[in-house]
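Student: I have a protein model open and I'd like to learn how to read it. Can we go through some features together?
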Amino acid sequence: MNKKILTDLIDSTFPPGIEVAIGYGSGVFEQKGYDNNNNDNNVNNINENDQMNKTMAISQFEEPPMIDMIFVVNDELEWHSNNLKWNSSHYAALPRLLGPSFVSNVQRASARIYYNTLVPMPEKYQQNVVNSNNKTNGKQLMKYGVINKSDFINDLLNWETLYLSGRLQKPVAFLKKPEVTDSSTIMSSSNINNGHNTTNDNEHEINHALETNLCSALSTAILLLPSEFSELDLYKRITSLSYEGDFRMGIAENPNKIDNIVNKGDSFQRFRNLYELYVDDLIDQNVLTMKTQNNNSEDGGHIYMKHT
């Protein structure tokens, strides 16, 4: 779905206080083939110029992909208090009854994030879901998680839960964040040293945490890979970090989940955009050597070799 529309939805639907808004998943990013069935043809038959319908195109047997978002706020108690006034229907009955202090306590007791899920999008933002018979079906739903900025930064820097940090090791869309509109624009350490970072302390703090998380994920993945590995191997290893120890993998989750995240549609290129500056830094520092250059993701992309 168009990021501009999602930004407008956030500004018009939710109370003030959202410092950073992040979108992720197949409802935000266009993906060829929403599942492993025959959806590629359904998607490709949609008018190429109709980006929003193409993004939401599914087979008649599929529900539309949910719009997944994360909101970073300064004070979750104050924000939930206002949101319960603005959007009380987004909350389950018990949180509505017990109020914002209860919601905040639940948030603090878990992974520091509170999700409202299965929320119908406002009518003006509902998109027609196109099935193989060119009919419309289904309602567009969204879910959004709320996290305090201090907890957000702490998880990025220290991997306390690896929940948000793991999510942000993969390509995401920044829907609300000054001067940073896409994860591919986050700067490498070399760019910061060249004076391209913002002078805003708050923005710098968030950018630093985001960059640290990406560098940590890249370093960890390289340590876990063999001496020679492909670019595709690298992105899969990075993606797998947040799923290590997750009992759902292979049981409730799609066994091809990691491969789908990395190598479906334009996902591979999004990973490349996200990590290429950091990989180039490691090559400059003689940590890695690019053995073979290859832009084809189906063949694994570039081949790297570690210096030992």
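Student: Let's start with K236: is that residue buried, partly exposed or exposed?

Tutor: Keep in mind that this is a predicted model. The idea is to look at relative accessibility: under 20% is buried, over 50% is exposed, and partly exposed is in between. K236 has 28% relative accessibility, so that lysine counts as partly exposed.

Student: Which residue does K236 form a salt bridge with?

Tutor: The partner is D259, and the closest N and O atoms are 3.1 Å apart. This bridge links distant parts of the chain, with D259 in helix α12 (residues 257-263) and K236 in helix α11 (residues 231-241), 23 residues apart. D259 is partly exposed too, because its relative accessibility is 32%.

Student: How many salt bridges does the structure hold?

Tutor: Nine. One of them joins the side chains of K143 and D68, at 2.7 Å from N to O. Here again distant parts of the chain are linked: K143 belongs to strand β4 and D68 to strand β2, 75 residues apart.

Student: And how covered are those two?

Tutor: Use the cut-offs again. K143 comes out at 23%, so K143 is partly exposed. D68 has only 10% relative accessibility, so D68 counts as buried.

Student: Could you show me one that joins two helices?

Tutor: Sure, try E205 and K149, whose side chains meet in a salt bridge at 3.8 Å, N to O. E205 is in helix α10 and K149 in helix α7, 56 residues apart in the chain. K149 is buried because its relative accessibility is 13%, while E205, at 37%, counts as partly exposed.

Student: Which other residues of α7 are buried?

Tutor: Helix α7 spans residues 149-158, and besides K149, its buried residues are D151, F152, I153, D155 and L156. A general idea helps when you look at such a list: an α-helix has 3.6 residues a turn, so residues three or four places apart point the same way.

Student: What covers the buried residues of α7?

Tutor: The cover includes strands β1 (18-24), β2 (67-73) and β4 (141-148), along with helices α6 (100-109), α8 (164-167) and α10. Also look at what comes after the helix: α7 is followed by W159, which has a positive phi, near 50 degrees.

Student: Helix α10 keeps coming up. How do I describe the way two helices pack?

Tutor: Two packed helices are described by the angle between their axes and the distance between the axes. Take α10 (residues 201-224) and α13 (residues 267-284): their axes come within 11 Å and cross at roughly 65 degrees. The crossing is right-handed.

Student: Which residues meet there?

Tutor: From α10 you have E211, L214, C215, A217, L218 and I222. On the α13 side they meet L274, Y275, Y278, V279 and L282.

Student: What about a residue in a loop?

Tutor: S227 is a good case, sitting in the loop between α10 and β6 (228-230). S227 is partly exposed, because its relative accessible area is 46%. Leaving aside neighbours within four places in sequence, S227 is in contact with Y304, M305 and K306. The C-alpha atoms of S227 and L288 are 9.6 Å apart, with their positions 61 residues apart along the chain.

Student: Can we compare that with a residue in a helix?

Tutor: Look at T13 in helix α1 (residues 3-13). T13 has a relative accessible area of 10%, so T13 is buried. Not counting residues up to four places away in sequence, T13 touches W86, N87, H90, P122 and Y125.

Student: Which nonpolar residues form a patch on the surface?

Tutor: L94, L97 and L98 do, with about 330 Å² of accessible area together. L98 is found in helix α5 (residues 93-98), and L98 counts as partly exposed because its relative accessibility is 46%.

Student: Can we zoom out to the whole protein?

Tutor: There are 13 helices and eight strands. Of the 308 residues, 47% are buried. The protein exposes about 15,000 Å², and carbon and sulfur atoms supply 47% of that area. Among contacts with a separation of 6 or more, 70% come from residues 24 or more positions apart.

Terms used
Residues are numbered from 1 along each chain as its sequence is written. This is a predicted model: local features need pLDDT of at least 70, side-chain atom pairs count only at pLDDT 80 or more; totals for chains, interfaces and linings use all residues. Side-chain values use heavy atoms; hydrogens and water are left out. Patches are made of residues with over 30% relative accessible area and no salt bridge: like charges are joined within 9 Å, nonpolar side chains (Val, Leu, Ile, Met, Phe, Trp, Tyr) within 5 Å. Accessible areas come from the Shrake-Rupley method with a 1.4 Å probe; for residues, only the protein chains shown count as cover. A salt bridge is a side-chain nitrogen of Lys or Arg within 4 Å of a carboxyl oxygen of Asp or Glu. Helices (H or I, at least four residues) and strands (E, at least two) are DSSP runs, numbered from the N terminus. Buried means under 20% relative accessible area, exposed over 50%, partly exposed in between (1.4 Å probe, protein chains only). Axes are lines fitted to C-alpha atoms, for helices over the stretch in contact, and angles run from 0 to 180 degrees between N-to-C directions. A crossing is left-handed if the near helix is turned anticlockwise from the far one by less than a right angle, and right-handed if clockwise. Contact means heavy atoms within 4.5 Å.
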